[in-house]
Amino acid sequence: MRDYLLFYVNGQEHRVGGQDVFSPLSTYLRYGQGCTGTKVVCAEGDCGACTVLIGRAAGGTVEYMPVNSCIQFLYQLDCTHVVTIEGLKVEGKLNPVQEAMVDFHGAQCGYCTPGIVVALCSLFDCKTQADEQDVKDALTGNLCRCTGYEPIIRAGMNVALERVRSTGELYPPQEMIARFGEHQGRPALIASEGKTCFIPATVEEAVDFKEKNPGTVIVSGGTDVCVNINKRGLDPDVIMSLSNIAGLSDVKVENSHLVVGGRASLAALADWAREEMPELYKIMWLFGSPQIRNAGTLAGNIANGSPIADTLPWLFVMEAVVEMTGPAGKRLIDINSLYKGYKQLDMAPGEIITRILIPLPENNETIRLFKVSKRQNLDISAFAAAIRMTIEAGKIHSAKLAYGGVGPVVLRLPKTEAFLEGKEAALTTFGNAGKLAREEITPISDVRGSKDFRLQLAENIMLKFFLETACGREPVCR
Ligand SMILES: Cc1cc2nc3c(=O)[nH]c(=O)nc-3n(C[C@H](O)[C@H](O)[C@H](O)COP(=O)(O)OP(=O)(O)OC[C@H]3O[C@@H](n4cnc5c(N)ncnc54)[C@H](O)[C@@H]3O)c2cc1C
Ligand code: FES
Ligand code: FES
């Protein structure tokens, strides 16, 4: 059993044990390594000032993606390569993204600038050309409060792409991959000053540890847990990071099901959905920011159990099945029976989510997903809905509805579903269904919206579905 983490920072190997293991990466970089180019503003994943690249071994190379270092703790980073703004220099000079930021006046106070440069470098790691929308998408998770976005976007669109060196070119991967290979298969247990962290290499090790340590807090992407640590006083004594468990990160289709591994990131799900299920992609594109989607997982969204979790209404109408693995083996549970109350899950203390199985829809089905939030991007839903129907020859054959943000858990609407089935797909039917939907929910007023606003959305969304799907004439199952 190892008692240290191994990772690289800007090409240098680091072996870390003791209290540092329990630090946010941004703290380790700024106060431990003098990498003060990484800034901290919000410490909760919202502003992107702390963006760094995290590289993980994949398919014989190291793949880099931007994440928020304020909500990545070191115990999540075993066997990774962290690249900061300081590490993106080319031959000791500004890189082409930095030059463009200078040439196009993309910075005033400069506090957001390192995060913006890192996010743009990541964009040009995977794209040899980028249009305005690509630049805007890459910067969704980066806020600037003094320059204004126009010069920053102009800088992003005027990078001398022929001179860009990818992160993989700056840091040849062979040595790192060999080092990660030596470590990844060996679990790590690190204890210091009353805190313990376990990093299992297999599901069996994870389950065994969780059973023996019932108070363990699981950390996967950390985009919920680490915000709770930074901002809500969560101070777990025992942590288990799932980041090194092999074989849980895939998103693939098997036996007419989409199978999402318990460690698969939201970004991997979005990548799959882009071509295969554009309706889901629409919602994934609105989920947090690239940094959040790169770190966060679908399993984390399910296990966190928020009634406004964006993937849940979709998973409810798809009748997804959650695979839990515990001391007694595997157990499958329909997501519609998983939640027992606000953030209360039917999950035994020794269990972890290992896979999510989502039956693929038939071609004659229509599925629509909706998210209502105060801002378009990087905002939590006030209300969310998924509507799945089969309409043939103008008649509704089956209807599945799930609403989020209208009660302590995401809700199916069985009375409205039963009302719709067998009815003519007409405006009056959907108008009446909307009125019935209001009666099936119990929203509250909070900072994101009033009770009345949510009731009205619950009613109106039925009409929106009817009008947007060309009155139910065109099935759009994906
Ligand atoms: C800035 C910001 C924006 C966000 N935007 C959105 C948004 O638009 N929509 C939205 O729905 N959410 C949003 N979130 C919330 C969060 O990103 C998601 O809930 C995400 O899916 C959590 O995944 P994770 O892997 O990071 O979970 P973690 O934080 O690692 O864990 C969350 C919970 O799940 C448990 N857990 C994790 N993995 C497992 C497992 N395999 N088995 C059992 N338990 C497990 C943990 O113990 C914890 O209780 C946002 C968060 C931030 C910080
Ligand atoms: S400091 Fe704002 S996202 Fe990290
Ligand atoms: S340059 Fe000041 S916040 Fe962006």
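This is a short walk through the structure, one selection at a time. Keep in mind that what you have open is a predicted model.

**Stop 1: the domains**

Start by colouring the protein chain by its domain assignment. Domain 1 covers 5-87 + 170-241, domain 2 is 91-164, domain 3 covers 251-285 + 297-359, and domain 4 is 365-472. Now pick domain 2 and domain 4: their centres, taken over C-alpha atoms, are separated by 39 Å.

**Stop 2: the five-stranded sheet**

Go to the start of the chain and select strands 1 to 5. They make an open sheet of five strands in the order 2-1-5-3-4, and the pairing is mixed. Which strands sit at the edges? They are strand 2 (12-16) and strand 4 (61-68), each of which pairs on one side only. Look along the sheet and you can follow the turn from strand to strand: on average, neighbours are turned by 30° against each other, direction ignored.

Zoom in on strand 3 (residues 51-58) and its partner strand 4. The two pair in the antiparallel sense over eight bridges. To find one matching position, select Ala-58 and look across to Thr-61 in strand 4, which stands opposite.

Next, add helix 7, residues 174-184, to the view. Helix 7 lies across strand 1 (5-9), strand 2, strand 3, strand 4 and strand 5 (81-83). Against strand 1, helix 7 runs at about 165°.

**Stop 3: a pair of hairpins**

Select residues 188-192 and 195-199, which are strand 6 and strand 7. This pair is antiparallel, with five bridges, and Ile-190 has Cys-197 in strand 7 as its bridge partner. The two strands form a hairpin with two residues between them. In the turn, click on Glu-193, where phi is positive at about 45°.

Now jump to another hairpin, made by strand 10 and strand 11, again with two residues between the strands. Here the turn residue to click on is Asn-255, with a positive phi of about 50°. Strand 10 (residues 251-254) and strand 11 (residues 257-261) are joined by four bridges in the antiparallel sense. Lys-252 is bridged to Val-259 of strand 11.

Stay on Val-259 for a moment. What is its bridge partner in strand 16? That partner is Leu-357. Strand 11 and strand 16 pair in the antiparallel sense, over five bridges.

**Stop 4: two helices side by side**

Hide the strands and bring up helix 10 (residues 266-276) with helix 11 (residues 278-285). Their axes are 7 Å apart and the packing angle is about 145°. Helix 10 passes helix 11 in a left-handed crossing.

To see who makes the contact, show these side chains:

- from helix 10: Leu-266, Leu-269, Ala-270, Ala-273 and Arg-274
- from helix 11: Leu-280, Tyr-281, Met-284 and Trp-285

By class, that contact has eight nonpolar residues, one charged and no polar ones.

**Stop 5: around ligand 1**

Select ligand 1 and show what lies around it. It is surrounded by 32 residues, and the closest are Gly-45, Gly-221, Gly-300, Asn-301 and Ala-303. If you colour the shell by class, you will see 16 nonpolar, 12 polar and four charged residues.

Where does the largest share of this shell come from? Select helix 13, which supplies five residues. Strand 8 (217-219), helix 9 (225-231), helix 12 (290-295), helix 13 (298-304) and strand 16 (352-359) each give at least two. Bring back the domain colours from the beginning: domain 1 and domain 3 each contribute at least three residues to the shell.

**Stop 6: the four-stranded sheet**

For the last stop, move on to strands 17 to 20. These four strands form an open, antiparallel sheet in the order 17-18-19-20. The edges are strand 17 (365-372) and strand 20 (411-412), each pairing on one side only. Inside the sheet, strand 18 (residues 383-392) and strand 19 (residues 395-404) pair in the antiparallel sense over nine bridges. Finish by selecting Ala-384, with Gly-404 of strand 19 standing opposite.

How values were computed:
Residues are numbered from 1 along each chain as its sequence is written. Chains are lettered from A and ligands numbered from 1 in the order in which they are written. This is a predicted model: local features need pLDDT of at least 70, side-chain atom pairs count only at pLDDT 80 or more; totals for chains, interfaces and linings use all residues. Axes are lines fitted to C-alpha atoms, for helices over the stretch in contact, and angles run from 0 to 180 degrees between N-to-C directions. A crossing is left-handed if the near helix is turned anticlockwise from the far one by less than a right angle, and right-handed if clockwise. Two residues are in contact if their C-beta atoms, placed from the backbone, lie within 7 Å. Ala, Val, Leu, Ile, Met, Phe, Trp, Tyr, Cys and Pro count as nonpolar, Asp, Glu, Lys and Arg as charged, and the others, Gly among them, as polar. Two strands pair if DSSP finds at least two bridges between them. A residue is near a molecule or strand if its C-beta atom, placed from the backbone, lies within 6 Å of it. Domain bounds come from an automatic or database domain assignment.
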